[in-house]
Every structure is written in structure tokens, then in C-alpha cells.
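Biologist: Please take a close look at the open and enclosed spaces of this model, and at the residues that surround them. A single connected account would be welcome.

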Amino acid sequence: LLIFWLGAYNANTGSLAGWGLSEIVSYYLLLIIAGSFLITHREGDIAILDIQEGGLVSYLLKPFSYFWLHFFGELGWRLIQGVFAIAVFFVISVFFSNFITLTTSPITILLAIFIVILGYFISFAFKFLIGLSAFWVTDFWGIQQLSDVIILAFAGFIMPLTLFPLHVEQI
């Protein structure tokens, strides 16, 4: 997608709806980092292993919450993948520092970290509910794929939300 938007940027003679080249590159590189921290993948385990194959039975009498057990099980993977994404970002930023624009405001950085933490909670809870839909449907993959398409479209992965038409951007 970054190559596509760079082509669109070049076709529009150096501007894309007020976005410069460094903003486009920074947006997509930071989006990769955010996606590695935020996009959880527990719904398949919950739906297939725990509900359809009966693995949920082993959790019923344990003194731990089923939600928090999966939450912290996924958290380790998100942290590892996020750290790798940050490391790759710093390597790229060393070689292409003139294409990357970042803020240096400590308040903005702290608020961004806070938003990532809350975003992880929301993402996990949403995917957890998608996984629990296997209680009511025999094939939950359609629901899971529909949610992935909605996330790709409205989370800014395909294109920045500010480039959408105004009514779609407000949704």
C-alpha cells in the first residue's frame, strides 16, 4: 500500500490531499507498528479449540477468568511483535530519516502510549466476542472475515481516514 500511495503522491505532482511524502511514509510505518501491537488473533483459538472441540471444559473449574487467561496469553505475543516492529522502524528510520516525520512532544508520546493500551483492550475484547460467536453459529469464519474487512477499511489500513469522503470519514 505504501508503494501505491507513493505512486498516487507522485501522480498528483507532490501532494496528496495535503499530505507530503514524509507524512505518507511515516503514517504507513507507524501503522505497521500499531497493527503489530493492536490486532489480536485469539478468535480462532476460542472458536475452534475451545468451543467447537470442547477445550473450554478444562477452564470451567479453574479459579482464573477465561477472558483474562486469553488476554494475558495474547499480550506476550503482541509485545514481542510490537518490539520487533519498533526495531525494524528504527532501522528504517536510520536509512530513510528524511522521509520520516515524528513528534517529539512528550505529552503526545504519552497520550499515544495510552491510546495503544486502550486500543489493545478494545481490539482484544472485540476479537474475543467474535470468537464467542461460535456458540451460536456453526461456521464463525464468515463473521471473522467480515470483521477483518471492516477493520482494514475503517482503521486506516487501506488508506488514511482523512482521504475518505466526509460521510465515510465521520462513520
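Modeller: In this predicted model, helix 5 contributes nine residues to the lining of the largest pocket, the most of any element. That pocket has a volume of about 1000 Å³. Its lining comprises 27 residues, and those closest to the centre are Leu30, Ile33, Ala112, Ile113 and Val116. Helix 2, helix 4 and helix 5 are the elements that each give two or more residues to this lining. In character, the lining of the largest pocket divides into 23 nonpolar residues, three polar and one charged.

The second largest pocket has a volume of about 220 Å³. Around this space lie Leu31, Ala34, Gly35, Leu38, Ile39, Gly119, Ile122, Ser123, Phe126, Ile151, Ala155 and Phe157. Two elements, helix 2 and helix 5, give two or more residues to the lining of the second largest pocket. Its lining residues divide into nine nonpolar and three polar, with no charged residue.

One residue of helix 5 may be taken separately. Isoleucine 117 belongs to this helix, which spans residues 106-132. Because its relative accessible area is 44%, isoleucine 117 counts as partly exposed; buried would require a value under 20%, and exposed one over 50%. The C-alpha atom of isoleucine 117 is 8.4 Å from that of leucine 38, although the two residues are 79 positions apart along the chain. Leucine 38 is also one of the residues that line the second largest pocket.

The packed regions complete the picture. The largest nonpolar core has 21 residues, among which Ile46 and Phe128 have the most contacts inside it. Helix 2 (21-38), helix 3 (43-52), helix 4 (66-95) and helix 5 each give two or more residues to this core. Leaving aside residues up to four places away in sequence, isoleucine 46 touches Ile51, Tyr66, His70, Phe128, Gly131 and Leu132. A second, separate core has twelve residues, including Trp5, Trp19, Ile24 and Tyr28.

These four residues also appear in the lining of the largest cavity, together with Leu16, Pro160 and Leu163. The structure holds one cavity of 30 Å³ or more, and the volume of the largest cavity is about 30 Å³. The lining of this cavity consists of seven nonpolar residues, with no polar and no charged ones.

Methods: Residues are numbered from 1 along each chain as its sequence is written. This is a predicted model: local features need pLDDT of at least 70, side-chain atom pairs count only at pLDDT 80 or more; totals for chains, interfaces and linings use all residues. Side-chain values use heavy atoms; hydrogens and water are left out. On a 1 Å grid over the protein atoms alone, a cavity is a set of points where a 1.4 Å probe fits but cannot get out, and a pocket is an open set with protein on both sides within 12 Å along at least five of seven lines; lining residues have an atom within 4 Å of a point. Grid points are joined across faces, edges and corners, and a volume is the space filled by probe spheres set on the points. Ala, Val, Leu, Ile, Met, Phe, Trp, Tyr, Cys and Pro count as nonpolar, Asp, Glu, Lys and Arg as charged, and the others, Gly among them, as polar. Helices (H or I, at least four residues) and strands (E, at least two) are DSSP runs, numbered from the N terminus. Buried means under 20% relative accessible area, exposed over 50%, partly exposed in between (1.4 Å probe, protein chains only). A nonpolar core is a set of buried Ala, Val, Leu, Ile, Met, Phe, Trp, Tyr and Cys residues joined through side-chain atoms within 4.5 Å. Contact means heavy atoms within 4.5 Å.
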